[in-house]
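Here are some short exercises to help you find your way around a new structure. Try each one by eye before you read the solution.

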Amino acid sequence: MTLLEAVRTGDRRTALVALRDAVAETIDAKDSARDIAALSKRLMEVMAEIDALPDPEDDASPLDAARNKRGA
């Protein structure tokens, strides 16, 4: 899924994860220390935003959580 497709889903987590991946790929392709520093800062910000969102797994009912735990 492209970043544009992720954004168009309307799901914030999906869009942020796609942005995180795109920023990480861009960092890997850069040679400029200045660019890497700025992108790294943005990557950390995006990751913090993802971490601040409610965990979609927490939306499961206690029964679903128990089933998932048992199946793991």
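**Exercise 1.** Is Thr2 buried, partly exposed or exposed?

Solution. This is a predicted model, where local features need pLDDT of at least 70, side-chain atom pairs count only at pLDDT 80 or more, and totals for chains, interfaces and linings use all residues. Residues are numbered from 1 along each chain as its sequence is written, and side-chain values use heavy atoms, with hydrogens and water left out.
- Start with the cut-offs: buried means under 20% relative accessible area, exposed over 50%, and partly exposed in between (1.4 Å probe, protein chains only).
- Thr2 has a relative accessibility of 42%, so Thr2 counts as partly exposed.
- As for its place, Thr2 sits in the segment before α1.
- Across space, the C-alpha atoms of Thr2 and Ala15 are 9.5 Å apart, with their positions 13 residues apart in sequence numbering.

**Exercise 2.** Work out how many helices and strands the protein has.

Solution.
- Helices (H or I, at least four residues) and strands (E, at least two) are DSSP runs, numbered from the N terminus.
- Counting them gives 4 helices and 0 strands.
- Read from the N terminus, the order is α-α-α-α.
- Of the 72 residues, 12% count as buried.

**Exercise 3.** Describe the surroundings of Met1 and Leu3.

Solution.
- Take Met1 to begin with: this residue is in the segment before α1 (3–8).
- Met1 has a relative accessible area of 69%, so Met1 is exposed.
- Contact means heavy atoms within 4.5 Å. Leaving out residues up to four places away in sequence, Met1 touches Ala6, Thr9 and Thr14.
- Met1 and Ala18 are 17 residues apart in sequence, and their C-alpha atoms are 7.9 Å apart.
- Now Leu3, which belongs to helix α1. Its relative accessible area is 33%, so Leu3 is partly exposed.
- With residues up to four places away again left out, Leu3 touches Ala15, Ala18, Leu19 and Ala22.

**Exercise 4.** How do α2 and α3 lie relative to each other, roughly parallel or roughly antiparallel?

Solution.
- Axes are lines fitted to C-alpha atoms, for helices over the stretch in contact, and angles run from 0 to 180 degrees between N-to-C directions.
- The axes of α2 (residues 12–29) and α3 (residues 33–52) come within 9 Å and cross at roughly 160°.
- Angles under 35 degrees count as roughly parallel, and those over 145 as roughly antiparallel. Therefore α2 and α3 are roughly antiparallel to each other.
- Residues of α2 that meet α3 include Leu16, Val23 and Ile27, while those on the α3 side include Leu39, Leu43 and Ile50.
- By class, this contact has 11 nonpolar, 2 polar and 5 charged residues. Here Ala, Val, Leu, Ile, Met, Phe, Trp, Tyr, Cys and Pro count as nonpolar, Asp, Glu, Lys and Arg as charged, and the others, Gly among them, as polar.

Note on methods:
Angles under 35 degrees count as roughly parallel, over 145 as roughly antiparallel, 65 to 115 as roughly perpendicular and the rest as oblique.
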